[in-house]
Amino acid sequence: MHFFSLDDKSRDISTKEQMIVVLRYVNNSRQVIEPFISIEQVVSTIAQSFKEAIDRLFSRHGLSMYKLQGQG
């Protein structure tokens, strides 16, 4: 099973950058599943900041990046 990480960013009222994380995968019945995972605060909008936030999120939930594929 491959997971696709979908994320979007926005700035909240306190001007902090946030990233929304949704995982997309196809289950055994071939249904596309897209659960909301988290809203993560990011330091900036550069790729390194997003990667670090996703690394922390996956570590917190015991997930592996091995089968992760990005979709932009």
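Q: What share of the exposed area of the chain do carbon and sulfur atoms supply?
A: This is a predicted model, in which local features need pLDDT of at least 70 and side-chain atom pairs count only at pLDDT 80 or more, while totals for chains, interfaces and linings use all residues. Residues are numbered from 1 along each chain as its sequence is written, and side-chain values use heavy atoms, with hydrogens and water left out. The chain exposes about 5,300 Å² (Shrake-Rupley method, 1.4 Å probe; for residues, only the protein chains shown count as cover). Of this area, carbon and sulfur atoms supply 53%.

Q: In which pattern do the helix and strands follow one another along the sequence?
A: Helices (H or I, at least four residues) and strands (E, at least two) are DSSP runs, numbered from the N terminus. The chain has one helix and five strands. Read along the sequence, they give β-β-β-β-α-β.

Q: Which element gives the most residues to the largest nonpolar core?
A: A nonpolar core is a set of buried Ala, Val, Leu, Ile, Met, Phe, Trp, Tyr and Cys residues joined through side-chain atoms within 4.5 Å. The largest has nine residues: Met 19, Val 21, Leu 23, Val 42, Phe 50, Ala 53, Ile 54, Leu 57 and Phe 58. Strand S2 and helix H1 (47-61) each supply at least two of them. With five residues, the top contributor is H1.

Q: Is Ser 49 buried or exposed?
A: Ser 49 is found in helix H1. Buried means under 20% relative accessible area, exposed over 50%, and partly exposed in between (1.4 Å probe, protein chains only). Because its relative accessibility is 8%, Ser 49 counts as buried.

Q: Which residues does Ser 49 touch, not counting those up to four places away in sequence?
A: A contact means heavy atoms within 4.5 Å. On that basis, and with residues up to four places away in sequence not counted, Ser 49 touches Val 42, Val 43 and Ser 44.

Q: How far apart in space are Lys 16 and Ser 44, C-alpha to C-alpha?
A: Lys 16 is found in the loop between strand S1 (3-11) and strand S2 (17-26). Lys 16 counts as partly exposed because its relative accessibility is 41%. Lys 16 and Ser 44 are 28 residues apart in sequence, and their C-alpha atoms are separated by 8.8 Å.

Q: Why does Ile 20 count as partly exposed?
A: Ile 20 lies in strand S2. Ile 20 counts as partly exposed because its relative accessibility is 34%.
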